[in-house]
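Dear colleague,

I am passing on the structure we spoke about, and below it you will find notes on a few places that I have gone through. Please read them with the sequence and the model open beside you.

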Amino acid sequence: ETNKLYCTSVKCCIFELKAELNSDKKEKKKEAVKKVIASMTVGKDVSALFPDVVNCMQTDNLELKKLVYLYLMNYAKSQPDMAIMAVNTFVKDCEDPNPLIRALAVRTMGCIRVDKITEYLCEPLRKCLKDEDPYVRKTAAVCVAKLHDINAQLVEDQGFLDTLKDLISDSNPMVVANAVAALSEISESHPNCNLLDLNPQSINKLLTALNECTEWGQIFILDCLANYTPRDDRESQSICERVTPRLSHANSAVVLSAVKVLMKFMEMLPKDLDYYGTLLKKLAPPLVTLLSAEPELQYVALRNINLIVQKRPEILKHEMKVFFVKYNDPIYVKLEKLDIMIRLASQANIAQVLAELKEYATEVDVDFVRKAVRAIGRCAIKVEQSAERCVSTLLDLIQTKVNYVVQEAIVVIKDIFRKYPNKYESVIATLCENLDSLDEPEARAAMIWIVGEYAERIDNADELLESFLEGFHDESTQVSETHTHTHLQHVLHKHTQNTPDSDNPDLRDRGYIYWRLLSTDPVAAKEVVLAEKPLISEETDLIEPTLLEELICHIGSLASVYHKPPNAFVEGSRGVQHKRLPARTASGESAESPDAGQSVGGVSDAPPAVIPSQGDLLGDLLNLDLAPPSASVPVVPASMQMGVDLLGGGLDSLVGLHRPSGSQYIAVGLAGGTGGMPAGLGGTPAMGGGLGDLFDLGGGVGMATGSYVPPKAVWLPAMKAKGLEISGTFARRGGGIHMDLSLTNNAMSIMTDFAIQFNRNSFGLAPAGPLQVLTPLAQNQTIDVSLPLNTNGPIMKMEPLNNLQVAVKNNIDVFYFSCQYPISLLFVEDGKMDRQVFLATWKDIPSENETQYQIKDFHLNSDAASTKLQGSNVFTVAKRTVDAQDLLYQSIKLTNGIWALAELRIQSITPNYMLALKCRAPEVSQYICQCYELLLRN
Amino acid sequence: MIHSLFLVNATGDIFLEKHWKSAVSRSVCDYFFEAQERATEPENVPPVIPTPHHYLISVFRHRIFFVAVIQSEVPPLFVIEFLHRVVDTFQDYFGVCTEAAIKDNVVVVYELLEEMLDNGFPLATESNILKELIKPPTILRTVVNTITGSTNVGEQLPTGQLSVVPWRRTGVKYTNNEAYFDVVEEIDAIIDKSGSTVTAEIQGVIDACVKLTGMPDLTLSFMNPRLLDDVSFHPCVRFKRWEAERILSFIPPDGNFRLLSYHVSSQNLVAIPVYVKHNITFREGSSQGRFDLTLGPKQTMGKVVESVLVSSRLPRVVLNANLSPSQGTYTFDPVTKLLTWDVGKINPQKLPSLKGSMSLQAGASKPDENPTINIQFKIPQMAVSGLKVNRLDMYGEKYKPFKGIKYMTMAGKFQVRT
């Protein structure tokens, strides 16, 4: 019988089926409908039978009814006129005494995407939403979402959304869950209306329903809870307490949604609270358990754990072993595990990790082996104490002579050399033995780099290089040759100029090697010079903190799998809503209320700014705990040491080895001919100092050193502070924010015990460490200190927005002053928006958010302006020339994730610039405009 | 929510599709087929695949890909969990989940899928509830149905779906009341060359088969509940009671269900019940390799290790293996290079061994990788973690049920590196 159902040739059947459908015998009818469904299921077209099947709809037989409904859902759209025939039966069924039939009818009706039918749906749906039977109500709730998908306007006009909101307070947990699910789905396509209005009462109802509804309902409710921002830490804790039992649920999606809620709300708990520690401990086991599930679940779990480990490494720091790779794990699980292993690697477990990685390097899967070898290199860079062990492991691997292992090992050894210069050069001999086997560009480039770098220690370096180069002449292409050529010529020009003065043979040798390389193989030369990663830091692939925060709010979602914010890829999620972790001292600024849109961090929707009166401020600041500076040795930021190290850093620093800004510069230079970007190195007037600056790295504020730094201003005059004078400025260096201070002692006695503290401010600026003034400040002495800042501090809207109130303490007293920072301080390095996104966002921001400014008396051309601005992270996305005026489209991203889009109009005839700024938080526009002036004038 | 579902077989044919919203063209699966082609093994097809307008989320079970299509931001785990539930349901209904079984029962499959999701929202996924709605096909019922003209579809409202115990239907009646619990533990372990444990953990489950009349309320207590610090419960378990007293208190679903699963982490000491002595060597320039493997029991608390199956994928250069087992049978597939040895029971007095030589490809260099040995085994009447049930009590009903508890330890992913 069953084989008959799975009919292979439909055409011949249609006629037969038609006859059977019209049969008088009930049984035959049903069998016929079954056959029709079977054909439909496998994708065969049986729509020709529509009238005959619909005729079978009026029946008491539930199965037959269901089958006909199935058929209707599939074909109603292609036969809308015929579908009308079914309406009466639906309406009648919605009144049936059996709730099962009522629910079935309203459910099926919602699936029929025919306008004419939806009109008839409204009345039955309204009744069903208030049905006495919860089974019908919960089905009707979903039906509203269906109807909304077909005709959103109708749903709003009919007031179904309000009815749906009422269902959140329904007595039946299943109804609550479905209402939440339906509202969540509707609000995804409906960003501006505040559908899920969460308040403590509704939260309480959700939490009650959470315990009693189905596992799927729990997911919807948890995801909905995650959008709530608790008023204070006590509310936050009580929600956490009620959510933690979900961590023991058998359904992994429930577990991960619960993890999301906890990770987010935990942010508000004070770290010294006992409960905070308990919660941290409770999070580890469920995450580990997810790893014993099916591989697909493991994969999603691992992608999320990757985020969690970056945000809160302490949760899983003891669980390294569960990430060890089993040889029959699917490759996608293996690669993720490897990544997390490196993130968890520390001095305590490094021996174990290395032993594992070495084991993986002998596996069969080439991709995995390569990644394992790379991982060894990353361990060396991350855990300094392990570097030696890593190098020897890598040497062991090179001895295996497996070609791809050797090549990969050489690439990572180069990175280790860069991180720890002049430490492991004893292995160079072994590396040189493997010269011949290198055939991959990256490995070749790495080897050339090593030979070049340590030329003076390799007797036959130039021989080696030449023989090395001969081999791949045939594959050299001319692409980008000119750029490389020009670039290197400048470099080498500088070198040769330098060498006579310098009797440092290293430098001379190196120069000759590059020179020779350039003349034999420009492509290889380009690879050598440009293959460098911009920065060898501990973990180059950490997710940028604001993105990480946003992703933590999206744990368990597609965004968390792709490590991209949801707006970056999901179609139809218009009206970008950035989510942020709540600030710990959140005082009512709701980062989540949908109408806040992009304006996060309490800038736009914080309560009207109330500047605390002087007395309040004093109180506030006096209560701050001004700890004396710790006795640890100050760490001079790497970027500050750089400039001096011309010989040691040499070419490497030129190609941006230690400094991201340098590499950016080169990238700009090479992109030269391609578009409206500033043309080649040293080409344009604005860059006139270009190479000179590069070599004169100590010389302060060249283009390459990044953003504009205003001159120091006196913030605290000596007469107001018992002889202590503070002047200072703000600078953005290497992606970090610094407050550069000069402290001068004009008093008669020595000053000691300096400490600093900020009041809450608009962007959460806070010192990232103590104020490092180690030696006592003697009379008439001035000390320069650079205080690194972060933006993780408490937030309060200030007036003006960029105002910062500071308290400085010394052995004499506590002093207060306020200063203003240029908002460009907060422009982040990854603020370059994709062209398409720019266009879409520009359109998306309402025009009332646009502000126009005129910047007078400027004579820079557009390229020079663009270059200048780029130095401070104002990125030109596109350039257009219309009627003798240049239009620059620029994007800016602030540390708190606010984007500002700008159109800068530069006319060649008048010296005035027109600036149009669009931002979802229009308050910042005027400050951005000020920065434009500031940046362009300097 | 979940838009559509496509079932794809190993050869890349779509043999079933189901749409819960508007129909999505089959061509969306082209992206999946591309990924399928790129993957060396079907297991390696990534579970989440982006396409320009949709996301494809898939699971691979019983040689079938279950590919869900989604269009908006949906938790991927939600989709994956649901897909696994679909597979479990098919298996539950048809005994096996194969392409043939699905095709044979295509109408029931369609009815089930329709019942499991509404507009992409899960509707009824509990096997108890589904079975009330759609009766599983049995040979007897098919015969009876054809004679009497009755149907597979239940006429009643699925009562469980609305009650506070949605997992249990009302009015259950049995003549023999019985409750069986199986404590099954799987050891996942990696053992290194020298025989020491790199990592070992235990995944345990308690599966129950409860056939009790009425609304019984059960409690289950353990001798050593402290072992269970990482547990996932069936929704029927009262979490508060567990937190407070470490007692499992629950109204059980009717029939088979998983009461809890637990995980004894790698930080606890895990007893490894078998050891392997191995000597697999290849010499440079020789066309012969040596293979020598001996298995032995340890820490089994006197229980017998049985159903032992050893498998290993030998390096590519191995052309053939000429081995002699002291017991059981072995096979070597020269194409896939898979060596399997069906050992059977391990007798501690006479340890099983597999010895002999491997012939290697002439002139090939010594293989780079060492084979990993995969071992499967079962040890009845033992839970390797030491977990023991103390007592099982029933409240709420008057009859005396028959109760039974069984223990079993098995190898999960148990790997020995050589």
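Which residues in α7(A) meet which residues in α8(A)? Before going into that, please keep in mind that this is a predicted model, and that every value below is computed from it.

On the side of α7(A), the residues in question are V106(A), M109(A) and G110(A), and they meet I117(A), Y120(A), L121(A), L125(A) and C128(A) in α8(A). Sorted by character, the residues of this contact comprise 7 nonpolar and 1 polar, with no charged residue among them. As for the geometry, helix α7 covers residues 99–111 of chain A and helix α8 covers residues 115–129 of chain A, and their axes come within 10 Å and cross at roughly 145°. The crossing of α7(A) and α8(A) is left-handed.

A second pair of helices in chain A is formed by α12 (residues 173–188) and α14 (residues 215–225), which pack at an angle of about 55° with their axes 8 Å apart. Angles that are neither under 35 degrees, nor over 145, nor from 65 to 115 count as oblique, and α12(A) and α14(A) are therefore oblique to each other. Here, too, α12(A) passes α14(A) in a left-handed crossing. The contact is made on one side by A177(A), V180(A) and A181(A) of α12(A), and on the other by G217(A), F220(A), I221(A) and C224(A) of α14(A). In this contact of α12(A) with α14(A), 6 residues are nonpolar, 1 is polar and none is charged.

One single residue may also be worth a look while you have chain A on the screen. L167(A) lies in helix α11 of chain A, which spans residues 160–167, and because its relative accessible area is 6%, under the 20% cut-off, L167(A) counts as buried. Apart from its neighbours within four places in sequence, L167(A) is in contact with L129(A), R137(A), A141(A), V175(A), V176(A) and A179(A). The C-alpha atoms of L167(A) and K130(A) are separated by 9.1 Å, although these two residues are 37 residues apart along the chain.

Finally, a word on cysteines. Over all chains, the structure holds 0 disulfides. C553(A) counts as buried because its relative accessibility is 2%, and C29(B), with a relative accessible area of 0%, is buried as well.

With best wishes

Key
Residues are numbered from 1 along each chain as its sequence is written. Chains are lettered from A and ligands numbered from 1 in the order in which they are written. This is a predicted model: local features need pLDDT of at least 70, side-chain atom pairs count only at pLDDT 80 or more; totals for chains, interfaces and linings use all residues. Side-chain values use heavy atoms; hydrogens and water are left out. Axes are lines fitted to C-alpha atoms, for helices over the stretch in contact, and angles run from 0 to 180 degrees between N-to-C directions. Helices (H or I, at least four residues) and strands (E, at least two) are DSSP runs, numbered from the N terminus. A crossing is left-handed if the near helix is turned anticlockwise from the far one by less than a right angle, and right-handed if clockwise. Contact means heavy atoms within 4.5 Å. Ala, Val, Leu, Ile, Met, Phe, Trp, Tyr, Cys and Pro count as nonpolar, Asp, Glu, Lys and Arg as charged, and the others, Gly among them, as polar. A disulfide is a pair of cysteine sulfur atoms within 2.5 Å. Buried means under 20% relative accessible area, exposed over 50%, partly exposed in between (1.4 Å probe, protein chains only).
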